[in-house]
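Please open the structure in a viewer and keep the sequence at hand. The tour proceeds by selection, one stop at a time.

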Number of protein chains: 2
Amino acid sequence: MEDRKARASAWFRDLRDRICAAFEEIEAELDPGQPHADLPPGKFERKKWNRQDEAADAGANPELGGGGEMGILREGRVFEKVGVNISTVHGHFSPQFAKEIPGADASDGAFWASGISLVAHMRSPKVPAVHMNTRMIVTGRSWFGGGSDLNPMVEVAQDTADFHQAFKAALDPYDPAYYPRFKAWCDDYFFIKHRGEARGVGGVFYDYLDSGDWERDFNLTRDVGAAFLAIYPELVRRHMQEPWSEAEREWQLVKRGRYAEFNLVYDRGTRFGLMTGGNPEAVLMSLPPEAKWP
Amino acid sequence: MEDRKARASAWFRDLRDRICAAFEEIEAELDPGQPHADLPPGKFERKKWNRQDEAADAGANPELGGGGEMGILREGRVFEKVGVNISTVHGHFSPQFAKEIPGADASDGAFWASGISLVAHMRSPKVPAVHMNTRMIVTGRSWFGGGSDLNPMVEVAQDTADFHQAFKAALDPYDPAYYPRFKAWCDDYFFIKHRGEARGVGGVFYDYLDSGDWERDFNLTRDVGAAFLAIYPELVRRHMQEPWSEAEREWQLVKRGRYAEFNLVYDRGTRFGLMTGGNPEAVLMSLPPEAKWP
């Protein structure tokens, strides 16, 4: 298991590096004369953090350990704000929380978790925003989870089809039942109940993936990350040179307000992070750089 | 009791009218040449809503009845966005929720509630934002609740002192223990736990006020509303003609992001409204017109 943990963490770090490099490459490709083309190409700033320091600051469980690295690209030419976190943490769940987590009874609440999470908010309302995360969790059991969903301001049917197809192609070799199930799970999860509307146009979402073959499940999780890395930059390049109007930008800011509503009211990861004394800067990295509730 | 309900609802409506008139008066007082002075003075738009319609739309409890009126002033000269709701609703709490509400066992879950709630977000970062609400609730028991808190972007000690003094002066004639208790309650309630910081500079917050003398408690609630009406317009006039910098405006937008975090993550009224199928337009009227998470 120690070898598996090390391989999973190394993959999340490697995927982070490849995504950051791909996004920085895109930053250099904006045509001269486009809005924000006069800015220097955006670069990721990285900041390591240590769970023990943070937990002690927040007066939380001092048994928590591990850490991570936040990466943030701010005020780029194409990317307005991207947050990419990788982290590898371990500790003990509270007895109450442990009841909700598979296998945590067998581990006396002990857990280990490693993963990557990413949210990108774009300058242009023509370029969809996106979220992706994948993770490995170990209690008395171990499993993978993750997913990705696309958040266009106005849906473009071909983009939606291509985004979904990328994940379908990644998942079908493992089990043709996965993609329809993970797609439905995503639609169900990223739904803003109080508005009766979807956050975006979906994608895939999965959790508790433990087929009994760890290598297979790890490969699947790598393939989900690789599918994201293949399709999302393609969608960005497809739309980043298109003109947009002030009204489209306004609508983007309104849609981002709803994105913030979802993350603060419903998102399990965000609420878990806030309620357990996580570093608010890292937990809330997903929030949009600018949003409106007119 | 029916007479009391009618008098309380009438007061909330009357207070609403007086506040709206006071704010519209301020809109006409901005000096020429100030930012936004070229805009027409802001006016409240009012929109009645009916709880039965809304509840049916949301598939919620069809036994809910009553309604209210949203008032919103958008893109004024001094006020960037003000939401003022009054409502008088009745129905039955779910058995689970009824357990948390005083007196709801004796009424078999039946409740009646009337109140006013207001949030003002200002153009100028020099003018504090504000929240105020007061309400009367009837189950097997009846009580009043409410409060007001001030949200300056940078604290001005004299404003804070005057705001607190206004409520102290309103409450002291009833019981000198009220003000310190209600002030502490406010500080405790309007605290953004995940950031370890207060939302604003406080004010007063009270709930379950039932001294056994309804007339006295009603008068107190009217005096809290009147105190708000006396002090807040004074603070607006004190600062509305002051110049401000782009950096101050940016900080205002960041503080507003934290205000949105508080309302979406912690505020009981907001979360209750969202979870029970309330009209999201009315429930989320408190959210800032524009906010940043840079």
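The stops below treat aromatic rings, a buried serine, the contact of two chains and two loop residues.

This is a predicted model, in which local features need pLDDT of at least 70 and side-chain atom pairs count only at pLDDT 80 or more, while totals for chains, interfaces and linings use all residues. Residues are numbered from 1 along each chain as its sequence is written, chains are lettered from A and ligands numbered from 1 in the order in which they are written, and side-chain values use heavy atoms, with hydrogens and water left out.

**Aromatic rings**

A pair of aromatic rings is described by the distance of the centres and the angle of the planes. Rings of Phe, Tyr and Trp (its six-membered ring) pair if their centres lie within 6.5 Å; planes under 30 degrees apart count as stacked, over 60 as edge-to-face and the rest as tilted. Over all chains, a search of the whole structure finds 36 aromatic pairs.

Select Phe23(A) and Phe79(A), a stacked pair with 4.4 Å from centre to centre and 20° between the planes. Phe23(A) belongs to helix α1 (residues 2-27) of chain A and Phe79(A) to strand β3 (residues 79-92) of chain A, so the pair ties together parts 56 residues apart in sequence. Helices (H or I, at least four residues) and strands (E, at least two) are DSSP runs, numbered from the N terminus. Both Phe23(A) and Phe79(A) are buried, a term that means under 20% relative accessible area, with exposed over 50% and partly exposed in between (1.4 Å probe, protein chains only).

Next, select Phe144(B) and Phe218(B), which are stacked at 6.0 Å centre to centre with 20° between the planes. Phe144(B) is in strand β6 (residues 142-151) of chain B and Phe218(B) in helix α6 (residues 214-239) of chain B, 74 residues apart. Phe144(B) is buried at 1% relative accessibility, and Phe218(B) is buried with a relative accessible area of 1%.

Return to chain A for a cluster linked by ring pairs: Trp185(A), Tyr189(A), Phe190(A), Phe205(A), Phe262(A) and Tyr266(A). Over the face of Tyr266(A) lies Lys193(A), at 4.7 Å from the ring centre; a charge sits over a ring if NZ of Lys or CZ of Arg is within 6 Å of the ring centre and within 35 degrees of the ring normal.

**A buried serine**

Select Ser148(A) in strand β6 (residues 142-151) of chain A. Ser148(A) has a relative accessible area of 0% and is buried. Beyond its neighbours within four places in sequence, its contacts (heavy atoms within 4.5 Å) include His131(A), Phe163(A), Cys186(A) and Phe228(A). The Ser148(A) side chain reaches the backbone oxygen of His131(A) at 2.8 Å.

**Where the chains meet**

Show both chains. The contact takes 22 residues from chain B and 22 residues from chain A. Chain B and chain A bury about 2,100 Å² between them, 64% of it on carbon and sulfur atoms; buried area is the accessible area (1.4 Å probe) that two parts lose on being put together, summed over both.

**Two loop residues**

Finally, select Asp108(A), in the loop between α3 (95-98) and β4 (110-122) of chain A. Its phi is near 55°, a positive value in a residue other than glycine, and Asp108(A) is exposed at 68% relative accessibility.

His36(B), in the loop between α1 (2-27) and β1 (44-50) of chain B, has a positive phi of about 75° although it is not a glycine. His36(B) is partly exposed, at 26% relative accessible area.

Terms used:
Polar contact = N/O pair within 3.5 Å; in protein donor to acceptor, adjacent residues only side chain to side chain.
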